[in-house]
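Hi,

Here's the structure I promised to pass along. Have a look, and my notes follow underneath.

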Amino acid sequence: MLKEKHQRRWLTNKGKDHLLSFSDDELKKLRECFDSLDDDLSGSIGIDELENPLIGLGFADSRDEI
C-alpha cells in the first residue's frame, strides 16, 4: 500500500492528479485484482495470464479474441 501512495504522490507532483479518480480503498482492490492475474509477478499482465479468466467469464471465446 505504501507503494501505491508513493505513486499517487508522484502523479500529483507531476500535475497528473486528474488521473487519480480512485479512492485509496478502490486502488487497493484494483491492486489485489491485478496481483491475482499477474501469475509470474512480472508487474504486467500478458495474454497467457488473461486467457483463462476472460474465457472463463465469457468475455472471449478463444485466445484469438483476447
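Aspartate 38 caught my eye: it is buried yet has no salt bridge. Buried here means under 20% relative accessible area with a 1.4 Å probe, protein chains only, and a salt bridge needs a side-chain nitrogen of Lys or Arg within 4 Å of a carboxyl oxygen of Asp or Glu. The nearest side chain of opposite charge belongs to arginine 31, 6.2 Å away. Aspartate 38 sits in the loop between α2 (24–37) and α3 (47–56). Beyond neighbours within four places in sequence, aspartate 38 is in contact (heavy atoms within 4.5 Å) with Gly43, Ser44, Ile45 and Glu49.

Before you dig in: this is a predicted model, where local features need pLDDT of at least 70, side-chain atom pairs count only at pLDDT 80 or more, and totals for chains, interfaces and linings use all residues. Residues are numbered from 1 along each chain as its sequence is written, and side-chain values use heavy atoms, leaving out hydrogens and water.

As for the whole chain, there are 3 helices and 0 strands (DSSP runs: H or I of at least four residues for helices, E of at least two for strands). The radius of gyration, over C-alpha atoms, is 15 Å, whereas a compact globule of 66 residues would be near 11 Å (the rule is 2.2 Å times the number of residues to the power 0.38). The C-alpha box along the principal axes is roughly 40 × 20 × 20 Å. Just 9% of the 66 residues count as buried, and of the contacts with a separation of 6 or more, 5% join residues 24 or more positions apart.

Cheers

Conventions:
Buried < 20%, exposed > 50% of the residue type's maximum accessible area, 1.4 Å probe, protein only. Lys, Arg positive; Asp, Glu negative; His and termini not counted.
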